[in-house]
Amino acid sequence: MSNRSRNFLIGIGVAILMVFVVAGAAILAYNAGRNSVTLLNDARPEESQDQAAVSVEYGEITVVPQVGEEEGGASATPEAEPTVAVEPTRTAVSNEAAEPAEQETEPTPAPTPAGPTQPEEVQEAGATGDPASESGPREPVELDEGDLDLLIEVWEIIDEEFDGNLPLDENVTYSAIAGSLELLDDTYTRFVTPNIAAQMREQLRGSFEGIGAFVDLDPDGYLVIVRSIEDQPADRAGLLSGDLITHVNGESVLGKSLDEITAEIKGPQGTTVTLTIVRESLPEPFELTVTRERIEIPIVTSEMLEDNIAYVRLTGFSGNASQQLESELEELLDQEPQALIFDLRDNPGGFLSQSVQVADLFLGEGVVLYERDGRELEEVFESEDGDLAEEIELIVLVNAGSASASEIVAGAVKDRGRGTLVGETTFGKGSVQKTHTLSDGSELRVTIARWYTPNDRSIDVEGVAPDIQVDTPEEFGGDADTQLQRAIRLILEGQ
(Lines give C-alpha, C1' and ligand atoms only; values in the text may rest on other atoms or scores of the structure.)
Protein backbone atom coordinates (compact mmCIF):
# COMPACT_ATOMS: atom_id res chain seq x y z
CA MET A 1 0.00 0.00 0.00
CA SER A 2 1.27 3.46 -0.86
CA ASN A 3 2.45 5.86 1.83
CA ARG A 4 -0.22 8.32 0.66
CA SER A 5 -2.98 5.76 1.17
CA ARG A 6 -1.62 4.66 4.54
CA ASN A 7 -1.38 8.27 5.72
CA PHE A 8 -4.88 8.89 4.46
CA LEU A 9 -6.29 5.94 6.40
CA ILE A 10 -4.48 7.00 9.53
CA GLY A 11 -6.08 10.38 9.02
CA ILE A 12 -9.51 8.75 8.88
CA GLY A 13 -8.82 6.96 12.13
CA VAL A 14 -7.66 10.10 13.85
CA ALA A 15 -10.74 11.95 12.57
CA ILE A 16 -13.06 9.33 14.05
CA LEU A 17 -11.09 9.38 17.28
CA MET A 18 -11.46 13.16 17.42
CA VAL A 19 -15.24 12.91 16.99
CA PHE A 20 -15.51 10.91 20.18
CA VAL A 21 -12.97 13.10 21.96
CA VAL A 22 -14.86 16.27 21.00
CA ALA A 23 -18.19 14.74 21.99
CA GLY A 24 -16.81 13.60 25.32
CA ALA A 25 -15.15 16.92 25.99
CA ALA A 26 -18.36 18.73 25.12
CA ILE A 27 -20.32 16.73 27.65
CA LEU A 28 -17.69 17.10 30.36
CA ALA A 29 -17.35 20.83 29.77
CA TYR A 30 -21.08 21.26 29.67
CA ASN A 31 -21.54 19.49 32.99
CA ALA A 32 -18.66 21.26 34.66
CA GLY A 33 -19.73 24.70 33.54
CA ARG A 34 -23.37 24.66 34.59
CA ASN A 35 -24.94 25.62 37.88
CA SER A 36 -27.55 23.27 39.25
CA VAL A 37 -30.15 26.01 38.76
CA THR A 38 -29.62 29.15 36.70
CA LEU A 39 -32.14 31.88 35.93
CA LEU A 40 -32.10 33.20 32.37
CA ASN A 41 -32.30 36.87 33.29
CA ASP A 42 -30.47 36.76 36.57
CA ALA A 43 -27.62 34.37 37.22
CA ARG A 44 -26.95 33.25 33.70
CA PRO A 45 -23.73 34.79 32.34
CA GLU A 46 -24.34 37.33 29.59
CA GLU A 47 -22.25 35.55 27.00
CA SER A 48 -24.14 32.30 27.45
CA GLN A 49 -27.56 33.83 26.88
CA ASP A 50 -26.99 33.60 23.15
CA GLN A 51 -25.41 30.16 23.18
CA ALA A 52 -28.73 28.42 22.74
CA ALA A 53 -30.01 28.83 19.27
CA VAL A 54 -32.98 27.05 17.88
CA SER A 55 -32.30 25.12 14.75
CA VAL A 56 -34.20 25.37 11.54
CA GLU A 57 -34.40 21.69 11.00
CA TYR A 58 -37.51 20.58 12.64
CA GLY A 59 -37.27 19.59 16.21
CA GLU A 60 -33.75 20.30 17.33
CA ILE A 61 -32.55 22.52 20.13
CA THR A 62 -28.84 23.02 19.92
CA VAL A 63 -26.38 24.81 22.16
CA VAL A 64 -23.37 26.14 20.32
CA PRO A 65 -20.17 27.64 21.71
CA GLN A 66 -20.23 31.38 21.05
CA VAL A 67 -17.94 32.27 18.19
CA GLY A 68 -17.63 35.63 16.51
CA GLU A 69 -20.39 38.21 16.47
CA GLU A 70 -23.97 37.44 17.48
CA GLU A 71 -26.09 35.88 14.75
CA GLY A 72 -28.89 38.19 13.78
CA GLY A 73 -30.73 36.27 11.09
CA ALA A 74 -33.37 33.61 10.91
CA SER A 75 -32.51 30.20 12.19
CA ALA A 76 -34.38 25.62 15.12
CA THR A 77 -32.90 21.14 13.59
CA PRO A 78 -34.36 19.27 14.14
CA GLU A 79 -32.46 17.18 12.62
CA ALA A 80 -36.45 18.63 12.24
CA GLU A 81 -36.90 22.01 11.12
CA PRO A 82 -39.76 23.21 8.49
CA THR A 83 -36.55 24.46 6.50
CA VAL A 84 -36.49 26.01 2.95
CA ALA A 85 -35.55 25.69 -0.83
CA VAL A 86 -35.59 23.79 -0.04
CA GLU A 87 -35.25 24.17 3.71
CA PRO A 88 -36.89 21.54 5.87
CA THR A 89 -39.86 23.12 7.45
CA ARG A 90 -39.48 20.61 10.19
CA THR A 91 -36.09 20.38 10.88
CA ALA A 92 -37.01 21.59 14.77
CA VAL A 93 -35.18 23.74 17.24
CA SER A 94 -31.49 23.86 17.48
CA ASN A 95 -29.51 26.06 19.79
CA GLU A 96 -26.71 27.20 17.74
CA ALA A 97 -25.01 30.36 18.47
CA ALA A 98 -23.14 32.91 16.48
CA GLU A 99 -21.96 32.79 12.93
CA PRO A 100 -19.80 29.69 12.66
CA ALA A 101 -22.14 27.48 14.68
CA GLU A 102 -25.50 27.51 12.98
CA GLN A 103 -28.61 25.91 14.00
CA GLU A 104 -30.83 23.59 12.22
CA THR A 105 -34.48 23.38 14.09
CA GLU A 106 -35.17 19.08 12.40
CA PRO A 107 -38.69 17.44 12.75
CA THR A 108 -43.66 15.07 13.57
CA PRO A 109 -46.59 12.79 13.91
CA ALA A 110 -48.47 11.46 10.92
CA PRO A 111 -48.11 13.42 7.71
CA THR A 112 -50.57 16.22 7.10
CA PRO A 113 -50.84 18.75 4.27
CA ALA A 114 -48.87 21.19 6.41
CA GLY A 115 -46.39 19.01 8.20
CA PRO A 116 -43.86 16.17 7.78
CA THR A 117 -43.68 12.88 9.58
CA GLN A 118 -42.09 12.34 12.94
CA PRO A 119 -39.05 10.10 12.63
CA GLU A 120 -39.79 6.81 14.38
CA GLU A 121 -36.27 6.63 15.71
CA VAL A 122 -36.63 9.81 17.77
CA GLN A 123 -36.10 8.70 21.34
CA GLU A 124 -38.54 9.31 24.15
CA ALA A 125 -37.17 11.77 26.65
CA GLY A 126 -38.01 12.27 30.25
CA ALA A 127 -39.87 9.15 31.36
CA THR A 128 -38.79 5.53 31.36
CA GLY A 129 -37.95 5.75 27.69
CA ASP A 130 -35.33 8.41 28.25
CA PRO A 131 -32.00 6.78 27.43
CA ALA A 132 -30.30 9.06 29.91
CA SER A 133 -32.49 7.78 32.74
CA GLU A 134 -32.22 4.07 31.86
CA SER A 135 -28.62 3.54 30.99
CA GLY A 136 -27.02 3.66 34.43
CA PRO A 137 -23.33 4.51 34.80
CA ARG A 138 -21.78 5.58 31.51
CA GLU A 139 -18.54 4.03 30.39
CA PRO A 140 -16.41 6.47 28.36
CA VAL A 141 -15.33 5.52 24.86
CA GLU A 142 -11.55 5.35 24.97
CA LEU A 143 -10.24 4.90 21.45
CA ASP A 144 -6.64 5.08 20.38
CA GLU A 145 -4.88 4.52 17.08
CA GLY A 146 -4.54 0.82 17.85
CA ASP A 147 -8.32 0.45 17.83
CA LEU A 148 -8.37 1.71 14.26
CA ASP A 149 -6.04 -0.92 12.82
CA LEU A 150 -8.94 -2.95 11.42
CA LEU A 151 -10.27 0.05 9.49
CA ILE A 152 -6.86 0.68 8.02
CA GLU A 153 -6.50 -3.02 7.16
CA VAL A 154 -9.83 -3.00 5.28
CA TRP A 155 -8.97 0.05 3.20
CA GLU A 156 -5.50 -1.27 2.44
CA ILE A 157 -7.17 -4.29 0.82
CA ILE A 158 -9.72 -2.08 -1.01
CA ASP A 159 -6.95 0.19 -2.24
CA GLU A 160 -5.01 -2.72 -3.68
CA GLU A 161 -7.75 -5.00 -4.98
CA PHE A 162 -11.07 -3.22 -5.59
CA ASP A 163 -12.11 -3.32 -9.26
CA GLY A 164 -13.81 0.04 -9.63
CA ASN A 165 -13.58 3.70 -8.84
CA LEU A 166 -12.46 4.61 -5.35
CA PRO A 167 -14.24 7.34 -3.35
CA LEU A 168 -12.69 10.69 -2.59
CA ASP A 169 -10.58 10.80 0.55
CA GLU A 170 -12.92 13.25 2.26
CA ASN A 171 -15.99 11.13 1.49
CA VAL A 172 -14.42 8.11 3.16
CA THR A 173 -13.60 10.20 6.20
CA TYR A 174 -17.08 11.73 6.43
CA SER A 175 -18.79 8.37 5.91
CA ALA A 176 -16.65 6.73 8.59
CA ILE A 177 -17.51 9.49 11.06
CA ALA A 178 -21.23 9.45 10.24
CA GLY A 179 -21.33 5.67 10.45
CA SER A 180 -19.66 5.61 13.85
CA LEU A 181 -22.22 8.09 15.21
CA GLU A 182 -25.04 5.71 14.26
CA LEU A 183 -23.87 3.53 17.16
CA LEU A 184 -25.32 6.17 19.49
CA ASP A 185 -28.84 5.44 18.18
CA ASP A 186 -29.79 9.10 18.46
CA THR A 187 -31.35 10.86 15.49
CA TYR A 188 -30.16 14.28 16.56
CA THR A 189 -26.51 13.51 17.29
CA ARG A 190 -24.98 13.84 13.86
CA PHE A 191 -22.16 14.99 11.65
CA VAL A 192 -22.83 17.71 9.07
CA THR A 193 -20.50 18.16 6.10
CA PRO A 194 -18.97 21.60 5.43
CA ASN A 195 -21.16 22.62 2.46
CA ILE A 196 -24.41 21.72 4.21
CA ALA A 197 -23.28 23.39 7.43
CA ALA A 198 -22.55 26.56 5.45
CA GLN A 199 -26.06 26.51 3.95
CA MET A 200 -27.58 26.17 7.40
CA ARG A 201 -25.58 29.14 8.60
CA GLU A 202 -26.91 31.11 5.65
CA GLN A 203 -30.48 30.24 6.55
CA LEU A 204 -29.95 31.47 10.09
CA ARG A 205 -29.29 34.88 8.58
CA GLY A 206 -32.82 34.79 7.22
CA SER A 207 -32.20 34.18 3.54
CA PHE A 208 -30.80 31.65 1.08
CA GLU A 209 -30.78 30.89 -2.62
CA GLY A 210 -33.18 28.17 -3.72
CA ILE A 211 -36.80 27.54 -4.66
CA GLY A 212 -38.67 28.56 -1.49
CA ALA A 213 -40.49 25.53 -0.09
CA PHE A 214 -40.77 23.76 3.25
CA VAL A 215 -39.96 20.07 2.86
CA ASP A 216 -39.40 16.82 4.72
CA LEU A 217 -38.65 13.15 3.99
CA ASP A 218 -41.57 10.75 3.81
CA PRO A 219 -41.29 7.21 5.28
CA ASP A 220 -40.19 5.82 1.90
CA GLY A 221 -37.29 8.26 1.60
CA TYR A 222 -38.80 10.66 -0.94
CA LEU A 223 -38.82 14.43 -0.42
CA VAL A 224 -42.31 15.72 0.34
CA ILE A 225 -43.41 19.32 -0.16
CA VAL A 226 -44.87 20.50 3.12
CA ARG A 227 -45.70 23.98 1.86
CA SER A 228 -44.43 26.41 -0.74
CA ILE A 229 -43.71 29.97 0.35
CA GLU A 230 -46.23 32.30 -1.25
CA ASP A 231 -45.07 33.97 -4.48
CA GLN A 232 -41.69 32.26 -4.42
CA PRO A 233 -40.30 30.04 -7.24
CA ALA A 234 -41.79 26.76 -5.96
CA ASP A 235 -45.21 28.37 -5.55
CA ARG A 236 -45.12 30.02 -8.98
CA ALA A 237 -43.99 26.75 -10.59
CA GLY A 238 -47.06 25.01 -9.17
CA LEU A 239 -45.59 22.78 -6.44
CA LEU A 240 -48.35 21.73 -4.03
CA SER A 241 -48.42 20.46 -0.45
CA GLY A 242 -48.07 16.69 -0.52
CA ASP A 243 -46.13 16.54 -3.80
CA LEU A 244 -43.31 13.98 -3.69
CA ILE A 245 -39.94 14.77 -5.28
CA THR A 246 -38.41 11.51 -6.50
CA HIS A 247 -35.51 12.85 -8.62
CA VAL A 248 -33.41 16.01 -8.69
CA ASN A 249 -31.90 16.75 -12.09
CA GLY A 250 -32.64 13.16 -13.09
CA GLU A 251 -30.94 11.59 -10.07
CA SER A 252 -32.98 9.60 -7.53
CA VAL A 253 -33.26 10.99 -4.02
CA LEU A 254 -33.55 7.53 -2.45
CA GLY A 255 -30.80 6.69 0.00
CA LYS A 256 -29.93 10.34 0.58
CA SER A 257 -30.43 12.39 3.71
CA LEU A 258 -32.71 15.42 3.91
CA ASP A 259 -29.63 17.64 4.04
CA GLU A 260 -28.14 16.07 0.93
CA ILE A 261 -31.32 16.41 -1.11
CA THR A 262 -31.98 20.02 -0.12
CA ALA A 263 -28.37 20.89 -0.89
CA GLU A 264 -28.91 19.60 -4.43
CA ILE A 265 -32.10 21.64 -4.86
CA LYS A 266 -30.62 24.86 -3.54
CA GLY A 267 -28.18 26.77 -5.68
CA PRO A 268 -27.18 30.19 -7.03
CA GLN A 269 -30.01 32.47 -8.03
CA GLY A 270 -30.70 32.47 -11.75
CA THR A 271 -29.80 28.80 -12.17
CA THR A 272 -32.41 26.08 -12.65
CA VAL A 273 -33.20 22.74 -11.05
CA THR A 274 -35.41 20.02 -12.59
CA LEU A 275 -37.59 18.07 -10.17
CA THR A 276 -39.48 14.86 -10.89
CA ILE A 277 -42.83 15.06 -9.10
CA VAL A 278 -45.32 12.40 -8.06
CA ARG A 279 -48.74 13.90 -7.32
CA GLU A 280 -51.48 11.73 -5.86
CA SER A 281 -54.15 13.18 -8.15
CA LEU A 282 -52.18 12.43 -11.33
CA PRO A 283 -51.57 8.99 -12.89
CA GLU A 284 -47.97 9.61 -13.97
CA PRO A 285 -44.91 11.45 -12.59
CA PHE A 286 -44.01 14.72 -14.28
CA GLU A 287 -41.10 17.14 -14.33
CA LEU A 288 -40.93 20.77 -13.25
CA THR A 289 -37.99 23.06 -13.93
CA VAL A 290 -37.70 25.80 -11.33
CA THR A 291 -35.45 28.85 -11.50
CA ARG A 292 -33.73 29.50 -8.19
CA GLU A 293 -33.94 32.91 -6.56
CA ARG A 294 -32.70 34.68 -3.48
CA ILE A 295 -35.28 33.73 -0.85
CA GLU A 296 -35.93 36.09 2.02
CA ILE A 297 -37.63 34.10 4.76
CA PRO A 298 -40.65 36.00 6.14
CA ILE A 299 -40.62 36.14 9.93
CA VAL A 300 -43.54 38.27 11.22
CA THR A 301 -46.82 39.28 9.59
CA SER A 302 -49.84 40.86 11.26
CA GLU A 303 -53.25 42.39 10.60
CA MET A 304 -56.43 43.47 12.31
CA LEU A 305 -59.25 41.04 11.56
CA GLU A 306 -62.95 41.77 11.70
CA ASP A 307 -64.62 42.15 15.09
CA ASN A 308 -61.55 43.97 16.43
CA ILE A 309 -59.38 40.86 16.68
CA ALA A 310 -55.60 41.18 16.29
CA TYR A 311 -53.68 38.52 14.36
CA VAL A 312 -49.91 38.02 14.24
CA ARG A 313 -47.93 35.18 12.71
CA LEU A 314 -44.34 34.21 13.53
CA THR A 315 -42.66 31.87 11.02
CA GLY A 316 -39.25 31.47 12.64
CA PHE A 317 -37.19 32.25 15.73
CA SER A 318 -34.31 34.14 14.16
CA GLY A 319 -31.81 36.21 16.09
CA ASN A 320 -34.14 39.23 16.24
CA ALA A 321 -37.53 37.50 16.15
CA SER A 322 -38.64 38.81 19.54
CA GLN A 323 -37.82 42.40 18.57
CA GLN A 324 -39.73 42.10 15.29
CA LEU A 325 -42.68 40.49 17.04
CA GLU A 326 -42.71 43.11 19.78
CA SER A 327 -42.80 45.88 17.17
CA GLU A 328 -45.78 44.29 15.42
CA LEU A 329 -47.55 43.72 18.74
CA GLU A 330 -47.13 47.38 19.71
CA GLU A 331 -48.89 48.48 16.51
CA LEU A 332 -51.68 45.96 16.99
CA LEU A 333 -52.25 46.69 20.67
CA ASP A 334 -52.35 50.43 20.03
CA GLN A 335 -55.64 49.69 18.25
CA GLU A 336 -57.05 48.17 21.46
CA PRO A 337 -58.17 44.80 20.11
CA GLN A 338 -60.45 42.58 22.18
CA ALA A 339 -58.22 39.52 21.69
CA LEU A 340 -55.03 38.34 19.98
CA ILE A 341 -54.46 35.28 17.78
CA PHE A 342 -50.79 34.22 17.73
CA ASP A 343 -50.04 31.90 14.80
CA LEU A 344 -47.14 29.44 15.23
CA ARG A 345 -48.21 26.99 12.52
CA ASP A 346 -45.41 25.54 10.37
CA ASN A 347 -42.86 27.39 12.51
CA PRO A 348 -39.79 25.10 12.67
CA GLY A 349 -38.03 26.96 15.49
CA GLY A 350 -34.87 28.99 15.81
CA PHE A 351 -32.78 30.33 18.67
CA LEU A 352 -33.62 29.02 22.12
CA SER A 353 -32.95 32.42 23.64
CA GLN A 354 -35.52 33.88 21.25
CA SER A 355 -38.13 31.30 22.25
CA VAL A 356 -37.78 32.43 25.86
CA GLN A 357 -37.95 36.11 24.90
CA VAL A 358 -40.99 35.55 22.69
CA ALA A 359 -42.75 33.65 25.48
CA ASP A 360 -41.88 36.48 27.86
CA LEU A 361 -43.91 38.93 25.72
CA PHE A 362 -47.07 37.03 26.72
CA LEU A 363 -46.22 35.67 30.16
CA GLY A 364 -45.75 37.19 33.57
CA GLU A 365 -43.11 36.05 36.01
CA GLY A 366 -42.56 32.31 36.05
CA VAL A 367 -40.95 29.29 34.41
CA VAL A 368 -40.84 29.01 30.61
CA LEU A 369 -38.93 25.71 30.45
CA TYR A 370 -36.57 23.42 32.29
CA GLU A 371 -33.48 21.90 30.71
CA ARG A 372 -31.91 18.86 32.33
CA ASP A 373 -29.73 15.90 31.51
CA GLY A 374 -29.38 12.33 32.77
CA ARG A 375 -27.00 13.49 35.49
CA GLU A 376 -29.78 15.56 37.06
CA LEU A 377 -28.13 18.86 36.14
CA GLU A 378 -30.86 21.41 35.58
CA GLU A 379 -31.21 24.90 34.14
CA VAL A 380 -34.35 26.99 34.53
CA PHE A 381 -35.44 29.57 31.96
CA GLU A 382 -37.91 32.17 33.25
CA SER A 383 -40.07 35.03 32.06
CA GLU A 384 -40.55 38.35 33.87
CA ASP A 385 -43.44 40.71 34.50
CA GLY A 386 -43.96 43.91 32.58
CA ASP A 387 -44.27 43.00 28.88
CA LEU A 388 -46.92 44.44 26.60
CA ALA A 389 -49.02 41.36 25.74
CA GLU A 390 -49.45 39.80 29.18
CA GLU A 391 -53.12 40.71 29.72
CA ILE A 392 -54.94 40.45 26.39
CA GLU A 393 -57.00 37.32 25.65
CA LEU A 394 -54.67 34.97 23.77
CA ILE A 395 -55.29 32.15 21.30
CA VAL A 396 -52.28 30.27 19.89
CA LEU A 397 -52.55 28.37 16.60
CA VAL A 398 -50.31 25.29 16.29
CA ASN A 399 -50.03 22.29 13.98
CA ALA A 400 -47.77 19.34 13.23
CA GLY A 401 -45.30 21.76 11.66
CA SER A 402 -44.84 23.72 14.91
CA ALA A 403 -41.52 22.47 16.24
CA SER A 404 -38.84 23.12 18.84
CA ALA A 405 -38.89 26.77 19.84
CA SER A 406 -42.55 26.92 18.78
CA GLU A 407 -43.27 24.05 21.14
CA ILE A 408 -41.44 25.78 23.97
CA VAL A 409 -43.70 28.82 23.61
CA ALA A 410 -46.88 26.77 23.11
CA GLY A 411 -46.05 24.49 26.04
CA ALA A 412 -45.40 27.43 28.34
CA VAL A 413 -48.63 29.20 27.34
CA LYS A 414 -50.63 26.02 27.93
CA ASP A 415 -49.03 24.96 31.21
CA ARG A 416 -49.19 28.47 32.63
CA GLY A 417 -52.90 28.78 31.72
CA ARG A 418 -52.13 31.93 29.76
CA GLY A 419 -54.06 31.10 26.60
CA THR A 420 -55.85 28.47 24.54
CA LEU A 421 -54.11 26.29 21.94
CA VAL A 422 -56.11 25.60 18.77
CA GLY A 423 -55.01 23.23 15.99
CA GLU A 424 -53.04 19.99 15.96
CA THR A 425 -50.51 18.27 18.20
CA THR A 426 -47.11 19.82 17.56
CA PHE A 427 -44.05 18.15 16.07
CA GLY A 428 -42.53 16.70 19.25
CA LYS A 429 -38.86 17.63 19.64
CA GLY A 430 -37.52 18.02 23.13
CA SER A 431 -33.81 17.22 23.15
CA VAL A 432 -30.99 19.74 23.26
CA GLN A 433 -27.96 19.57 20.99
CA LYS A 434 -24.60 21.28 21.31
CA THR A 435 -23.02 22.19 17.98
CA HIS A 436 -19.26 22.20 17.40
CA THR A 437 -17.75 23.75 14.29
CA LEU A 438 -14.83 21.52 13.30
CA SER A 439 -11.55 22.45 11.66
CA ASP A 440 -12.76 21.97 8.06
CA GLY A 441 -16.07 23.83 8.53
CA SER A 442 -18.09 20.69 9.20
CA GLU A 443 -20.21 20.44 12.33
CA LEU A 444 -20.73 17.89 15.07
CA ARG A 445 -24.06 18.10 16.89
CA VAL A 446 -24.30 16.23 20.17
CA THR A 447 -27.43 15.59 22.24
CA ILE A 448 -26.59 16.82 25.72
CA ALA A 449 -29.92 17.31 27.50
CA ARG A 450 -33.74 17.34 27.32
CA TRP A 451 -36.14 20.19 27.91
CA TYR A 452 -39.44 20.18 29.78
CA THR A 453 -42.48 22.44 29.98
CA PRO A 454 -43.34 24.39 33.16
CA ASN A 455 -45.44 21.43 34.35
CA ASP A 456 -42.36 19.22 33.90
CA ARG A 457 -43.65 17.45 30.78
CA SER A 458 -41.35 16.26 28.00
CA ILE A 459 -42.72 16.87 24.51
CA ASP A 460 -40.34 14.48 22.72
CA VAL A 461 -42.27 12.49 20.10
CA GLU A 462 -45.61 13.28 21.76
CA GLY A 463 -45.55 17.03 21.12
CA VAL A 464 -47.86 19.58 22.74
CA ALA A 465 -51.56 18.72 22.39
CA PRO A 466 -53.97 21.57 21.58
CA ASP A 467 -56.87 22.45 23.85
CA ILE A 468 -59.15 22.43 20.80
CA GLN A 469 -58.35 19.94 18.01
CA VAL A 470 -58.78 21.22 14.44
CA ASP A 471 -57.08 19.69 11.40
CA THR A 472 -54.73 21.87 9.38
CA PRO A 473 -56.38 23.39 6.26
CA GLU A 474 -54.83 23.32 2.82
CA GLU A 475 -54.24 27.09 2.93
CA PHE A 476 -53.82 29.56 5.77
CA GLY A 477 -55.92 32.70 6.06
CA GLY A 478 -59.48 33.56 5.10
CA ASP A 479 -62.77 31.73 5.50
CA ALA A 480 -61.29 28.37 4.43
CA ASP A 481 -58.76 28.41 7.26
CA THR A 482 -60.66 26.20 9.67
CA GLN A 483 -58.17 26.62 12.49
CA LEU A 484 -58.23 30.40 12.28
CA GLN A 485 -62.02 30.47 12.03
CA ARG A 486 -62.30 28.20 15.09
CA ALA A 487 -60.09 30.60 17.06
CA ILE A 488 -62.27 33.53 16.01
CA ARG A 489 -65.43 31.69 17.07
CA LEU A 490 -63.85 30.91 20.43
CA ILE A 491 -63.17 34.61 20.98
CA LEU A 492 -66.62 35.80 19.84
CA GLU A 493 -68.74 33.04 21.36
CA GLY A 494 -66.56 31.77 24.17
CA GLN A 495 -66.79 28.21 22.92
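**The mixed sheet and its surroundings**

In the predicted model, six strands are arranged as an open sheet in the order E13-E14-E15-E18-E19-E22, and the pairing within this sheet is mixed. The edges are occupied by strand E13 (300-305) and strand E22 (468-469), each of which has a single partner strand, so that one side of each is left without a neighbour in the sheet. The chain to which this sheet belongs contains eleven helices and 22 strands. Of its 495 residues, 58% count as buried, and the chain exposes about 20200 Å², of which carbon and sulfur atoms supply 48%.

Strand E15 (residues 339-343) is largely enclosed by the rest of the structure, because five of its five residues are buried. In a regular strand the side chains alternate between the two faces of the sheet. In E15, Ala339, Ile341 and Asp343 point one way, whereas Leu340 and Phe342 point the other way, and all of these residues are buried. On the side of strand E14 (residues 309-314), E15 pairs in the parallel sense over five bridges; Ile309 has Ala339 of E15 as its bridge partner, and Arg313 stands opposite Asp343 of E15. The pairing of E15 with strand E18 (residues 393-398) is likewise parallel and likewise extends over five bridges, with Leu397 of E18 as the bridge partner of Asp343. Asp343 is thus placed opposite Arg313 in the one pairing and opposite Leu397 in the other. The connection between E14 and E15 involves helix H8 (residues 321-333), and these three elements together make a right-handed β-α-β unit.

Two residues in the loops around these strands have backbone angles that merit separate mention. Asn308, located in the loop between E13 and E14, has a positive phi of about 60 degrees although it is not a glycine. Asp346, found in the loop between E15 and H9, also has a positive phi, of about 55 degrees, and it too is not a glycine. Their surroundings can be described separately: Asn308 is partly exposed, with a relative accessible area of 33%, whereas Asp346 is buried, with a relative accessible area of 1%.

Helix H9 (residues 352-362), which follows the loop that holds Asp346, is mostly covered, ten of its eleven residues being buried. The buried residues of H9 include the nonpolar Leu352, Val356, Val358, Ala359, Leu361 and Phe362, but also Ser353, Gln354, Ser355 and Asp360.

The packing of side chains was examined next. The largest nonpolar core has 48 residues, and those with the most contacts inside it are Leu314, Leu325, Leu340, Phe342 and Phe362. With residues up to four places away in sequence not counted, Leu325 touches Val300, Val312, Leu314, Phe342, Val358, Leu361 and Phe362. Apart from this core lies another, of 18 residues, among them Ile211, Ala234, Ile265 and Val290.

Val253 is found in the loop between strand E9 (251-252) and helix H7 (258-265). At 0% relative accessibility, Val253 counts as buried, and its contacts, again without residues up to four places away in sequence, are with Gly221, Tyr222, Leu223, Ile245, Thr246, His247, Val248 and Ile261. For one of these, Leu223, which is 30 residues from Val253 along the chain, the separation of the two C-alpha atoms is 7.5 Å.

A search of the whole structure for aromatic pairs finds two. In one of them the rings of Tyr174 and Phe191 have their centres 5.2 Å apart and their planes at 40 degrees, so the pair is tilted. This pair links distant parts of the chain, since Tyr174 belongs to helix H4 (residues 169-181) and Phe191 to strand E4 (residues 190-192), 17 residues apart. Tyr174 counts as buried at 14% relative accessibility, and Phe191 counts as buried at 12%.

Notes:
Residues are numbered from 1 along each chain as its sequence is written. This is a predicted model: local features need pLDDT of at least 70, side-chain atom pairs count only at pLDDT 80 or more; totals for chains, interfaces and linings use all residues. Side-chain values use heavy atoms; hydrogens and water are left out. Buried means under 20% relative accessible area, exposed over 50%, partly exposed in between (1.4 Å probe, protein chains only). Helices (H or I, at least four residues) and strands (E, at least two) are DSSP runs, numbered from the N terminus. Accessible areas come from the Shrake-Rupley method with a 1.4 Å probe; for residues, only the protein chains shown count as cover. Two strands pair if DSSP finds at least two bridges between them. A crossover is right-handed if, with the strands pointing away from the viewer, the path from the first strand over the helix to the second runs clockwise. A nonpolar core is a set of buried Ala, Val, Leu, Ile, Met, Phe, Trp, Tyr and Cys residues joined through side-chain atoms within 4.5 Å. Contact means heavy atoms within 4.5 Å. Rings of Phe, Tyr and Trp (its six-membered ring) pair if their centres lie within 6.5 Å; planes under 30 degrees apart count as stacked, over 60 as edge-to-face and the rest as tilted.
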